[in-house]
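Work through the exercises below with the sequence and the 3D view open. Try each task before reading its solution.

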Amino acid sequence: TLSTSRIVIQPAAYDSANRHMSGKESISVRVLTPSGGISAIELQFSRGQYVGSYRWTQPGLHTVSVSLEQEAVVGSPFTVEALAALPEIRELESMSTGEVNAILVKLTPEAASQALAALPPEQAAEALVGHS
């Protein structure tokens, strides 16, 4: 499961330089997904900043482009890695061996060890078959 991120666009040095946005700026944020899809993020102006949200639809490296008045802002584009959230440990017990294996290969060795330790011994042993 992937989550939603809050996107906030505001001037650099917003507090210290007393820079403000009027709400009339032409700002766009686009996300290029690992599979090549492009999504535009809808922004709302509120209290001197633009705010939006983006629901990550797939894990992997995404390229985020931000432009102001059709010009890329400093640092744009940049990459964001979306990671799939792992199921709760208690959910692992109700999963098939194949489902547990699909998760284990995505984990660091330490996290995989924790996940296996939470399983009943027989289920952990089944999940380990074929892994080295």
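Helices (H or I, at least four residues) and strands (E, at least two) are DSSP runs, numbered from the N terminus. The model is predicted: local features need pLDDT of at least 70, side-chain atom pairs count only at pLDDT 80 or more, and totals for chains, interfaces and linings use all residues. Residues are numbered from 1 along each chain as its sequence is written, and side-chain values use heavy atoms, with hydrogens and water left out.

**Exercise 1. Backbone angles in loops**

Task: Find where Arg47 and Gln70 lie, and state the sign of phi for each.

Solution: Start with Arg47. It is in the loop between strand 4 (44–46) and strand 5 (49–55). Its phi is near 50°, a positive value in a residue other than glycine. Arg47 counts as exposed because its relative accessibility is 73% (buried means under 20% relative accessible area, exposed over 50%, partly exposed in between; 1.4 Å probe, protein chains only).

Now take Gln70. It sits in the loop between strand 6 (60–68) and strand 7. Its phi is near 65°, again positive in a residue other than glycine. Gln70 is exposed, with a relative accessible area of 76%.

**Exercise 2. A peptide bond**

Task: Which kind of peptide bond joins Ser76 and Pro77?

Solution: Check omega. It is about 0°, and the bond is cis. Then place Pro77: it belongs to the loop between strand 7 (71–72) and strand 8 (78–82).

**Exercise 3. A sheet**

Task: In what order do the 3 strands of the open sheet stand?

Solution: The order is 1-5-4, with antiparallel pairing (two strands pair if DSSP finds at least two bridges between them). Strands of a sheet pair through backbone hydrogen bonds, either parallel or antiparallel. Next, look at the edges of this sheet. Strand 1 (4–9) and strand 4 each have a single partner strand, so one side of each lacks a neighbour in the sheet. The twist averages 30° from one strand to the next (axes are lines fitted to C-alpha atoms, for helices over the stretch in contact, and angles run from 0 to 180 degrees between N-to-C directions). Finally, zoom in on one pair. Strand 4 and strand 5 are joined by 3 bridges. Ser46 stands opposite Gln49 in strand 5.

**Exercise 4. A loop residue**

Task: Is Thr33 buried or exposed?

Solution: Thr33 lies in the loop between strand 2 (27–32) and strand 3 (38–40). Its relative accessibility is 7%, so Thr33 counts as buried. Leave out residues up to four places away in sequence. Thr33 then touches Tyr54, Thr57, Gln58, Leu61 and His62 (contact means heavy atoms within 4.5 Å).

**Exercise 5. Two sides of a helix**

Task: Which residues of helix 4 (residues 121–128) are buried?

Solution: Gln123, Ala124 and Ala127 are buried. They share one side of helix 4, because they cover an arc of only 100° around the axis (taken from the directions from the helix axis to the C-beta atoms). On the other side of helix 4, Pro121 and Glu122 are exposed.

**Exercise 6. Two helices crossing**

Task: Which residues meet where helix 2 and helix 4 are in contact?

Solution: First, the axes. Those of helix 2 (residues 97–104) and helix 4 come within 9 Å and cross at roughly 65°. Then the residues. Thr97, Val100, Asn101 and Leu104 in helix 2 meet Gln123, Glu126 and Ala127 in helix 4.
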